[in-house]
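Work through the following exercises with the sequence and the model at hand, and try each task before reading its solution.

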Amino acid sequence: MGACCSGTFDMLSACRPFGFLLLSFALVGTVFAAVEWKDSPLLTRMWQEIAGGRYNGLLDILLNAPDAASHRASDGRGPVFWAYEFKNEDALALLLAFQAPEDGADAGGKLPTQTFKGSAAELAEFQNRARNRVESLQKIASARAKELSEAQKAQEQKYQRQQEEESSSEEEAQAQTSEDEESIGAQELEKKKQQEARLKKLNSLKANRQNFEL
């Protein structure tokens, strides 16, 4: 990889519903492990973004799964091949920023550059434009990573507030239940005392009557 891909920025690796996990990802010297050539929904999404001339969706995919830049479909082709095939220079620049390799051949022995439809001069111009876009796309990726991180933090704070509110409501409900139980207990105790007083008074009257009859 050339010097055009130097620099670092923060990226995201998603982990939970509705959310993202921020991590630091160094672009220089990043080495992707060998990957299996296999079709996947993720590759389908990447193909759709690249073939459609877009890169924003591709950016979000790569922020969540940086190694996806080197994934290959069952025919041995992957994002870099498609960037050349569909002449999507922003996609190629973004993939280069994520250190996607350009030298791997597909199942038919073709290199990514060989899928480019155009002259050698047009290919060179396309590559130059893409490489010149790498730095700006690094900045865009960094800003997007920060945006997603802040959104994740806001979501976590919202969730925490909801948990605190639920906990507070539960504590209030428990406190009210305890008060109700104490109130009921006091009423029952008072009722019992009244019953005992009436029984004591009745027994006293009975005793007085028996003494009178005697």
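**Exercise 1. Determine what share of the contacts in the chain joins residues far apart in sequence, and set this beside the overall fold.**

Of the contacts with a separation of 6 or more, 71% are between residues 24 or more positions apart, a contact meaning heavy atoms within 4.5 Å. This is a predicted model, in which local features need pLDDT of at least 70 and side-chain atom pairs count only at pLDDT 80 or more, whereas totals for chains, interfaces and linings use all residues. Residues are numbered from 1 along each chain as its sequence is written, and side-chain values use heavy atoms, with hydrogens and water left out. From the N terminus, the elements run β-β-α-α-α-α-α, where helices (H or I, at least four residues) and strands (E, at least two) are DSSP runs numbered from that end. Of the 214 residues in the chain, 30% are buried, that is, under 20% relative accessible area with a 1.4 Å probe and protein chains only, while exposed means over 50% and partly exposed lies in between.

**Exercise 2. Describe how α4 is covered and what stands at its two ends.**

Begin with the cover: eight of the nine residues of α4 are buried, among them Asp-90, Leu-92 and Leu-96. Next, take the N-terminal end, which Asn-88 caps through a side-chain oxygen 3.4 Å from the backbone nitrogen of Asp-90. Finally, look past the helix, where Gln-99 follows with a positive phi near 60°.

**Exercise 3. Compare the surroundings of Lys-87 and Gln-99, two residues other than glycine with positive phi.**

Most residues other than glycine have a negative phi. Lys-87, with phi near 55°, is found in the loop between α3 (79–85) and α4 (89–97), and at 41% relative accessibility it is partly exposed. Gln-99 lies in the loop between α4 and α5 (120–213) and, with a relative accessible area of 13%, is buried.

**Exercise 4. Trace the aromatic contacts that involve Phe-116.**

A search of the whole structure gives three aromatic pairs, counted for rings of Phe, Tyr and Trp (its six-membered ring) with centres within 6.5 Å, and called stacked for planes under 30 degrees apart, edge-to-face over 60 and tilted for the rest. One of them is the tilted pair of Phe-116 and Phe-126, at 5.3 Å centre to centre and 35° between the planes. It joins the loop between α4 and α5, where Phe-116 lies, to Phe-126 in helix α5, and both residues are buried. Adding Tyr-84, ring pairs link Tyr-84, Phe-116 and Phe-126 into a cluster. As a last step, Lys-87 lies over the face of Phe-116, 4.9 Å from the ring centre; the criterion is NZ of Lys or CZ of Arg within 6 Å of the centre and within 35 degrees of the ring normal.

How values were computed. Polar contact = N/O pair within 3.5 Å; in protein donor to acceptor, adjacent residues only side chain to side chain.
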